Amino acid sequence: AKADGRGCFRFFEPAMDADVRLQREFEFELREALVRQEFEIHYQPIVDIATARPCAVEALVRWRHPHHGLIPPDKFIPVAEEIGLIIPLGEWILGAACRTAVAWPDDIRLAVNLSAVQFRSGTLVDVVRSALRSSGLPATRLELEITESVLLQKDQDSIAVLHELAGLGVRIVLDDFGTGYSSLSYLQLFPFSKIKIDKSFVAEMSSRSDCAAIVSTIINLAKALDMGTTAEGVETQEQAELLRAAGCREAQGWLFGRPGPPSALVLDRPAEPAQ
Ligand code: C2E
Ligand code: CA
Ligand code: CA
Ligand code: CA
């Protein structure tokens, strides 16, 4: 801090002042966005790799900003977590996605991402239970995707919440597998239904034999633990073929469909006869 002419102290340099103001403004707009219903959910198919038919759909949130257009989640989810907004936002996402998914063919599951912050809220189990009840979506059609950050402290409360969620009948999926620390030990903490292989491994699989080895090791490990695998970020036919040959069951990526509004989702099923 340095003295300014009036005997006060300035604690921030002008540049930092502007940064802080921008940050506060962004947080304010983000809170307002929930009230103004500026969030929308895009949906991306997850396919059975052998048939390329959808078996699930992942809900991915976006912010339709009135001036800046469509803002991707990486730009605002971390801030929403910092200011606690992820709790009401996450509740809205879960409810809205369940209401959308209930209209899909009943062999198509819905996958929803959960933040570690939602696990510490103390209300997550009730939020999930009420989203299922009010939408009418069967629990067995819901997959909840979590990352290692939920398990990071080997936090007994979060593990207990995971068991309660599984008790409702929903499936718990470990997302971004292989990107964090000591991933292998996390697999013993909870009986996950499925592991998602991070797209960074898939991207390098055809050019680097070490990445291909990691991918096939993850797939075999999952099998040994009676868990399924979904490969993320599958962009080429070659990647899909390598994954299929390595025993991976499900895949998600631009090769099979990009995330889009619910109206753009093609679930590749014969249309229901008109009522
Ligand atoms: P994620 O859960 O790992 O989601 C997969 C990301 O990969 C998505 O990015 C998706 O659009 C992208 N992707 C899918 N196929 C391909 C592909 O073939 N190539 C490449 N390069 N990318 C592909 P997106 O939608 O930008 O989401 C980023 C992250 O934001 C998500 O990563 C997730 O961690 C977070 N996120 C998204 N929606 C939610 C949400 O509703 N709640 C929470 N808590 N987090 C969310
Ligand atoms: Ca995910
Ligand atoms: Ca992921
Ligand atoms: Ca990710």
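Cys 55 is buried, with a relative accessible area of 12%, where buried stands for under 20% relative accessible area, exposed for over 50% and partly exposed for what falls in between (1.4 Å probe, protein chains only). The model is a predicted one, in which local features need pLDDT of at least 70 and side-chain atom pairs count only at pLDDT 80 or more, while totals for chains, interfaces and linings use all residues. Residues are numbered from 1 along each chain as its sequence is written, chains are lettered from A and ligands numbered from 1 in the order in which they are written, and side-chain values use heavy atoms, leaving out hydrogens and water.

To stay with the cysteines, a disulfide is a covalent bond between the sulfur atoms of two cysteines. The structure holds zero disulfides, counted as pairs of cysteine sulfur atoms within 2.5 Å. For Cys 55, the nearest cysteine sulfur belongs to Cys 248 and is 10 Å away. Cys 98 is likewise in no disulfide, its nearest cysteine sulfur being that of Cys 55, at 17 Å. Cys 98 is buried too, with a relative accessible area of 0%.

Turning to the metal, the calcium ion (ligand 3) has as its protein donors Asp 175 (OD), Asp 176 (OD), Glu 232 (OE) and Glu 232 (OE), at 1.9 to 2.8 Å. Donors here are N, O and S atoms within 2.8 Å of the metal (3.2 Å for Na, K and Ca); water is not among the atoms, so sites may look incomplete. Along the chain, the donors of this ion follow the spacing D-D-x55-E. Asp 175 also bridges the calcium ion (ligand 3) to the calcium ion (ligand 2), the two ions lying 4.1 Å apart. This bridging residue, Asp 175, is buried at 6% relative accessible area, whereas Asp 176 is partly exposed at 26%.
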